[in-house]
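Me: I want to learn how to read annotations and burial in a model. Can we work through a case together?

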Amino acid sequence: LTVLGIETSCDETAAAVVRGPGHPQILSDVIRSQIDEHTDFGGVVPEIAARAHIAVLDRIVAEAMQEADVGFDDIDAVAATAGPGLIGGVIVGLMTAKAIAMAAGKPLVAVNHLEGHALTARLTDGLDFPYLLLLVSGGHSQFLLVTGVGAYERLGTTIDDAVGEAFDKTAKLLGLPYPGGPAVERMARAGDPDRFAMPRPLLDRPGLDMSFAGLKTALRTQAQKLEPVDEQTVADLCAGFQRAVAEVLAARTRTALTLFRDRFPDAPPVIVVAGGVAANAEIRAALTAAATDAGARFVAPPARLCTDNAAMIAWAGIEHLAQGPVDDMAVSPRPRWPLDETAAGKLGSGR
Ligand code: ATP
Ligand code: MG
Ligand code: FE
């Protein structure tokens, strides 16, 4: 199967052509980030995002098709993110995909963006089900149990900010540029993580839920006491913050792996990390150590496929098509779309 994928749910406009499911091949993977459009505002502005998607999507799709050296006759389906995400962007991507599918006479697959993240490790590392997924991005922070295509169980989630969001807000607070994750990580390298005491929110409680808003508040309180903050203080605050996040994620990962073993005593334990925050070296190291301690395999797809991209959407389309015919032409864009509602039959059209 050869599938064109389209992703427009946040601040990257992306199109890709992927072949599979056997011996999967990414024939093209074009991503245009909107960082420049949003940087003056210190975050993604939904209206600007939607307009920017409209302006470039046709060209990005053409580029992806050209790079893959395929025409619309050569593809078997069009897959597009139908949610969750910023509604303006999702509308642009899904409607463009519907138009292409209709004109080319190919089926449309409406993909849940989170499902794209959840299935990426099968594209990159050929993983078998079941496995654990830790998704840590700008909009999501959750542990998922992935037991099959369309079979996802959310085991725990942040009860307030997403990890990436916490990084972004921390950066803003300290006067660092957007996106905050890379900026905070850079500063943290020169910082002392032990200078400021940072909380480890919710870790005294069982289960897999997480909280990151309190960390940001603690950091603000510390920073305000020291006004004006010098460069070293900013570095120390970043280091303390990042250490706290890494420790919380590692502790929760240990708990998640215990739970996985209880549920699947015969399956080799595997934890996959995805989302933009997975690019963070300290967090990666902490998660690797947690997995190794628990005798589990740690899988992190390449950074380009961890953050938002269209190859993962095309791949999710392939995974669904491999299970039987799909016709999602009647599906509407969904700003909110919990992953456990992606299960077969719940979309209400063709599945
Ligand atoms: P979602 O996928 O949830 O819809 P998103 O588009 O914001 O949202 P991604 O593109 O996967 O998600 O990731 C972007 C987020 O990752 C931002 O919040 C950014 O600050 C964070 N991030 C990127 N690099 C790093 C890093 N090195 N350390 C920490 N966080 C990072
Ligand atoms: Mg993004
Ligand atoms: Fe994403």
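The dialogue below goes from the domain to a helix and then to two annotated residues.

Me: What kind of model is this, and which residues does the domain annotation cover?
Reply: The model is predicted. The unreviewed UniProt entry gives "domain: Gcp-like" for residues 25-315.

Me: What is the helix and strand content over residues 25-315, and how far apart are the end C-alpha atoms?
Reply: Helix makes up 50% and strand 17%. The end C-alpha atoms are 10 Å apart.

Me: Why is helix H11 said to be largely enclosed by the rest of the structure?
Reply: Start from the cut-off: a residue is buried if 20 or more other C-beta atoms lie within 10 Å of its own. In H11, residues 311-321, 10 of the 11 residues are buried, so the helix is largely enclosed. Among the buried ones are Met 312, Trp 315, Glu 319 and His 320.

Me: Where does UniProt place the feature "binding site"?
Reply: The unreviewed entry lists Leu 135, Val 136, Ser 137, Gly 138, Gly 139, Asp 168, Gly 181, Glu 185 and Asn 280.

Me: Is Val 136 buried or exposed?
Reply: Count C-beta neighbours. Val 136 has 29 inside 10 Å, so it counts as buried. Val 136 sits in strand S6, residues 131-136. Beyond four places in sequence, its contacts include Ser 141, Val 163, Gly 164 and Val 273.

Me: Where is Ser 137 found, and which residues does it touch?
Reply: Ser 137 lies in the loop between S6 and strand S7 (141-148). Ser 137 is buried because 24 other C-beta atoms are within 10 Å. Leaving out residues up to four places away in sequence, Ser 137 touches Ala 162, Gly 164, Gly 275, Gly 276 and Val 277.

Technical notes:
Residues are numbered from 1 along each chain as its sequence is written. Chains are lettered from A and ligands numbered from 1 in the order in which they are written. This is a predicted model: local features need pLDDT of at least 70, side-chain atom pairs count only at pLDDT 80 or more; totals for chains, interfaces and linings use all residues. UniProt positions are given in the numbering used here, feature names are shortened, and annotations may be inferred rather than shown by experiment. Helices (H or I, at least four residues) and strands (E, at least two) are DSSP runs, numbered from the N terminus. A residue is buried if 20 or more other C-beta atoms lie within 10 Å of its own, exposed if 12 or fewer, and partly exposed in between; C-beta atoms are placed from the backbone. Two residues are in contact if their C-beta atoms, placed from the backbone, lie within 7 Å.
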